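Me: Please take a close look at one part of the protein shown below, and set the answer out as connected prose, with the terms explained where they are used.

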Amino acid sequence: MYNEEKIWIGQDGEEKVCIIPKMANRHGLIAGATGTGKTITLKVLAESFSDAGVPVFLADAKGDLAGMCQPGNDTEDMQKRIKKFGLEDIWSYHAYPTALWDVYGKMGHPLRTTISEMGPLLLGKLMGLNDTQTDILSIVFRIADDAGLLLIDIKDLRSMLTYVGDHTKDYVTAYGNMTKQSIGAIVRTLVNLEEQGGDVFFGEPAVDVRDWFRTDADGRGYINVLAADTLMNYPDMYGTFMLWAMSELFETLPEAGDADKPKMVFFFDEAHMLFNGASPELLRKIEQVVKLIRSKGVGIYFITQSPSDIPGEVLGQLGNRIQHALRAYTPTEQKALKAAADSFRENPEFKTVEVLQELGIGEALVSVLDEEGRPTVVRRCKILCPQSRMGAITDMERQAAIQADAMAAKYDESIDRDSAYEFLNRKAVEEQQAEEAEKAAEEQAKAEAAAAKEKAKQEAEQAKILARLEAEKEKEKKKEEAAAAKERAKAEAAAAKEAAREARERERAHREMMKTMGKVATNVGNQLVRGLFKNLTKR
């Protein structure tokens, strides 16, 4: 309850025990064994901060914190408690401005973020990666960032990892060595991440943490309730998400200095889930956020069973402490009990370590910071009761609250922007098309070479045939010429023979003629001689 401008927690007898609003961002702790009243204390604080105009973010582990959107029920037991605290004149049951959120988008507005906003360090924790794999994941983020590629959802990250794995040689010089085996191991962890709900948690529209800072028309801060009953089945997912939320608040908000009251109070239930298995680097980040986020006007309150669940560096930053009963049955539990008692400023009226084991349900040891920021002595208090419903809401009431909230229009419908998955798919298609074109060009070149070879072979065959035909033709021509020459020689020989014969015939005829002429001449001569002698004789 917000009373006299203070966060009224409970009473030590007749004396009020309150948190001063300007000291509320010095963080706090609500601890105690199961069933001792931590949830009621959380509700009382959340309602008080809301009444003070301070928005609240908290995780609903059991499903009963969503009842803040409904007024409380007036029961006989409640009447007794109201009377016991002397609240009759100022008490009223009423609902609080509540925004319901759910990583899985079923019990509230979908609460999404992007792979890029989560970052490789937190994502590495969420995926259970070792240091080497986380370093490789950081390199993949750097490659995507340098290429201007958006890593929004899991399919973007899977596509990016697959692409880098297929092109590791291209990145060795600029980014360092990355083995395909390590990248393959990271890809395999995405299956587990999807099973935890990463397929719906990573996407858009990503939540704008500034939407957690709303106030209603009466100036009351909104109580942002994260449905976490399913989420807490995956401790790594829950712890990483809550750390991411704190980191987003730290990185988004400007410096606020020492304000009169916080800008927001962030309740981290089941806080041990954040620290279990956290690497030294991650623990340093948690410590940094817890130490520095105070200057941004945000108070962080861890809820856990024992203060020993929280590392000393973080525990030392928690100025406002509400410690419910602790049980100590084992030496380890007794040691934790003594450590919890020793963390308080001693009250001379009782022994803290003894009272811690005697506290009943709804009782707690409380120490808060005074005006000067000093822890007050520990007080044994009865915790106030909530003014809203102490219990779950019906499905109908939940849906009505979701639909009535202005955040429904902004977050309930998912969108899928063009990001690394789409770009790399297009690139893969282009590379495949280029490869197919290159292959087709090679095939065409081979075909053309084969065709040219075949053509050359055919032309050679044709030339060979033509040469053979020309040779045969030349041979035939020479044969014909030889035959013609032979015929001519034969004809010439025959002509020569005939000429010789004719010459012989002419010679013979000439000889015959000469012979005949000789004979005639002889006869004539003889006759002339005879005639001469005859004449001579006569004379």
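The reply should begin with helix 7 and what it packs against, continue into the loop between helix 7 and strand 8, and then follow the salt bridges. With which residues is the contact of helix 4 and helix 7 made, and where does proline 205 lie?

Reply: This is a predicted model, in which local features need pLDDT of at least 70 and side-chain atom pairs count only at pLDDT 80 or more, whereas totals for chains, interfaces and linings use all residues. Residues are numbered from 1 along each chain as its sequence is written, and side-chain values use heavy atoms, with hydrogens and water left out.

Helix 7 spans residues 180–201 and packs with helix 4, residues 131–146, at an angle of about 90 degrees, the two axes being 10 Å apart (helices are DSSP runs of H or I with at least four residues, strands runs of E with at least two, numbered from the N terminus; axes are lines fitted to C-alpha atoms over the stretch in contact, with angles from 0 to 180 degrees between N-to-C directions). Helix 4 and helix 7 are therefore roughly perpendicular to each other, a term that covers 65 to 115 degrees. The contact, meaning heavy atoms within 4.5 Å, is made on the side of helix 4 by Gln133, Ile136 and Leu137, and on that of helix 7 by Ser182, Ile183, Ala185 and Ile186. These contact residues divide into 5 nonpolar, 2 polar and no charged, where Asp, Glu, Lys and Arg count as charged.

Beyond helix 7, a cis peptide bond joins glutamate 204 to proline 205, with omega at about 0 degrees. Proline 205 belongs to the loop that runs between helix 7 and strand 8, residues 223–227.

Two salt bridges come next, each a side-chain nitrogen of Lys or Arg within 4 Å of a carboxyl oxygen of Asp or Glu. In one of them the side chains of aspartate 208 and arginine 210 meet, with 3.0 Å from N to O. Aspartate 208, with 21% relative accessibility, counts as partly exposed, while arginine 210, at 53%, counts as exposed (buried is under 20% relative accessible area, exposed over 50%, partly exposed in between, with a 1.4 Å probe and protein chains only). In the other, aspartate 211 forms a salt bridge with lysine 410, and the closest N and O atoms are 2.8 Å apart. This pair links distant parts of the chain, since aspartate 211 sits in the loop between helix 7 and strand 8 and lysine 410 in helix 15, residues 407–411, with their positions 199 residues apart. Aspartate 211 counts as buried at 12% relative accessibility, whereas lysine 410 is partly exposed, with a relative accessible area of 39%.

These pairs can be set in a wider context, as a search of the whole structure finds 28 salt bridges. Lysine 338 and aspartate 342 form one, with their closest N and O atoms 2.9 Å apart. Both belong to helix 12, residues 331–342, and because they are 4 residues apart there, about one helical turn separates them. Lysine 338 is partly exposed, with a relative accessible area of 49%, and aspartate 342 is exposed, with 52%. Elsewhere, Glu358, Glu363, Arg380 and Lys382 are joined into one network by salt bridges that share partners.

Key
Parallel < 35°, antiparallel > 145°, perpendicular 65-115°, else oblique.
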